[in-house]
Each structure stands twice: as C-alpha cells, then as structure tokens.
Amino acid sequence: MSKPLARYAALTGYIDLSRSLSLDPIQLMRNVNLDPGGLDLQDRWVPAGSVARLLELSAAASDRPDFALKLADRRRLSTLGPLSISLREEPDARGAVRLLIRYQHMFNESLHIRLSERDGLSTIRIHVDTGEPMPVRQSVELAVTATYQLLAQLLGEHWHPVSVCFEHARPADDTTHRRVFGAPLRFDAEYSGIVAYTSDLDQPNRLSDPLLRSYARQVLDTVTAPEEPTTTTRVRELVELLLPTGRCSVDQVARSLGVDRRTVHRHLAKSGLTFSIVLDETRTELARRMVSSRRYSLTEISEMLAFSTPSSFSRWFSRQFGMSPREWRTRAEA
C-alpha cells in the first residue's frame, strides 16, 4: 500500500513563520526532502510523512511546541482551495463538517476526520496516519486548529466548543492553546478533536448564500469526485468501534446496521471484500495507531485487539510492519 500524500497547501505560511522564529525554512525543508520551490504550487502532492517531519523538526529547532498553532494563525479558509467555496455556502456548520469529511481526501490523505453525535454533544475526532512510525503531534494540532477555525468562522467569533482534546501530553506552557481555543483543554485524552453542542452545529451559517450553494457544489464536483459513505465504510467504522470491546462479529455489525448478516456479506462482496478482510485491515490500522501512542500498554493493546497473548500480538505485528511493536513505538516517539 502506498503511503499517503498531502498537498503543499498544508504548509501555507510556513516560510514566513519560520523566518520570524529565526529558522532557516529552506534548509529545514531540504532536510526532509521537500522542494522549497514547490510551495508556489499549492496543489502539488508530496509525502504526508515529509510534511509531518518538517513540522516536528521546526517545532524542535525553534523550541516552540506551539509551532503548529502559530502556523494555523497564518492560514485562511481559502487554503482548502475549491472546497473552501462550498464550505462557506453550507446552510449550517454540521453540513460544513460533513462536507469536510466527505472531501478530506482532496487535500490530505493522512488526515481522518469523523463526526459522532450523542446526548446533545457532537464529537469531531481527528487522526493523522502517515503510514510509518513517527511523531505527528504538530500535524494533529494543525488539523484540530484548522477545524476549530472553520467552525469559528461559520458560527461567529463568540462561539466556543465544549472542549478541545489531544491524545498527547500537555505542553509545559499551554498559553497559546488557551488563547487559540478559549475552551477547556483535555490532554492525554482518548482521541484528538473537538466537542461541541449539537445545537450549535445546527445554527444557520451566517456566511451562506442559498443562491450560490448549488453553484459552489458544481464547481467542487468538477474538481474531484466525492467519497460517498458506503455500507463498506460503515462496516469498517463499526468494526473499529466494536473490536476493542471484544464484541466484534458480523452478527453484531449487522444488528448495528439494522440488516441481516447476509446483507453485510453481499455488500462487502460487491467491493471484492469479506468480513474477515475488513476485520484484519481494521485491526492493522488500530494496531498502528495504538502502538504509536503511549495511552495503552502493549499488553492492553493485545487484549483490545483480541489476541490470545501479548507474544502472539507481537509476532503478528512484526509480520505486518517488519518490526516489533516496541520498536515501532520507540520510532514514533523519536
């Protein structure tokens, strides 16, 4: 499987910010095999891992753990290109978030955003997966901040989320985080993302012009085909949710979808898949994500992914990724 790519637009404002912090942005980009001249080509695809390395390297070189937040301050909605037009014209923030999720593959293949709603709260979970073990703290903070800025632009400057969450530890100085988000911060959380009142997402978008909405969608659809949610996508999401509970089976997934198991098998077969294949692929994705984080011990991860013993999990992981889970975790934290 090829590693995910990202557009150079992800680095909008990078040169100016780096120079303001007395960094040499050209040399830093060359250190991660990125072409500085490519920044003029915002739609050019580059390895997402290189972008993540650049952000981490820049944060370390400047001794600014808030580097990504400062970079986000220099971005505008227009950074998303044609997608920004449609986001601005959605009737409410919920529609904008769903559109962002639907077209997220347009600008960063390593970025995964999901929206869930329960008991009056909407949770926007944000995950970055570069396909290789490396720190992604700055990339996650950039994505969370950009999503927050989108919501604030649509809902008005007086809007604030219920909370903002990060999987990584709290920085020694969280002044910038508190200034940017103006909401309770949770570090060492189960996920990274934003929690908002569902009723806030239903508020009318003050920027939207109904007469321009259909035109904006037409423009967007001429640029790229959207990724429509499918039964296969929903099966993957349910497997991801159920696997750590020990209750992941095709019957449980079928019940959650409101269909019988034969219907699940039939829909997966149309995509050339079986339930076992989806289960294995999802287990692989979860293993990579969990091992990269220190939230769970390797023993806990082996139990959550339904392995009989930690040693069997370690052998399986080594076959999948070419290194032990302990080595992967060490490299992800380097």
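**Fold and packing of the predicted chain**

Serine 58 is buried, at 0% relative accessibility; buried means under 20% relative accessible area, exposed over 50% and partly exposed in between, with a 1.4 Å probe and protein chains only. This residue sits in helix 3, residues 48-62. Helices (H or I, at least four residues) and strands (E, at least two) are DSSP runs, numbered from the N terminus. Beyond its neighbours within four places in sequence, serine 58 is in contact with Tyr14, Leu23, Leu28 and Phe67. Contact means heavy atoms within 4.5 Å.

The model is predicted: local features need pLDDT of at least 70, side-chain atom pairs count only at pLDDT 80 or more, and totals for chains, interfaces and linings use all residues. Residues are numbered from 1 along each chain as its sequence is written, and side-chain values use heavy atoms, with hydrogens and water left out.

The protein chain contains 17 helices and 7 strands. It has 334 residues, and 51% of them count as buried. Contacts often link distant parts of the sequence: among those between residues at least 6 apart, 66% join residues at least 24 apart. The accessible surface is about 16500 Å², and carbon and sulfur atoms account for 49% of it. Accessible areas come from the Shrake-Rupley method with a 1.4 Å probe; for residues, only the protein chains shown count as cover.

The search for disulfides covered the whole structure and found 0. A disulfide is a pair of cysteine sulfur atoms within 2.5 Å. Cysteine 165 is buried, with a relative accessible area of 0%. Cysteine 248 also counts as buried, at 19%.

Five strands form an open sheet in the order 3-4-7-5-6, with mixed pairing. Strand 3 (111-118) and strand 6 (185-186) stand at the edges; each has a single partner strand, so one side of each lacks a neighbour in the sheet. Two strands pair if DSSP finds at least two bridges between them. Strands of a sheet pair through backbone hydrogen bonds, either parallel or antiparallel.

Strands 3 and 4 run antiparallel and are joined by 8 bridges. They form a hairpin with 2 residues between them. In the turn, aspartate 119 has a positive phi of about 50°. Arginine 114 has arginine 125, in strand 4, as its bridge partner. Arginine 125 also has a bridge partner in strand 7, namely glycine 193. Strand 4 and strand 7 are antiparallel too, with 5 bridges. Of the 8 residues of strand 4, 6 are buried.

Further along the sheet, strand 5 (residues 163-165) pairs with strand 7 (residues 193-197) in the antiparallel sense over 3 bridges. Serine 163 has valine 195, in strand 7, as its bridge partner.

Helix 7 lies across strand 3, strand 4 (121-128), strand 5 and strand 7. It runs at about 145° to strand 4. Axes are lines fitted to C-alpha atoms, for helices over the stretch in contact, and angles run from 0 to 180 degrees between N-to-C directions. Helix 7 is mostly covered, with 15 of its 19 residues buried. It spans residues 137-155, and its end C-alpha atoms are 27 Å apart. This agrees with the 27 Å expected at 1.5 Å a residue; the expected span is 1.5 Å times one less than the number of residues. Just after helix 7, glycine 156 takes a positive phi of about 105°.
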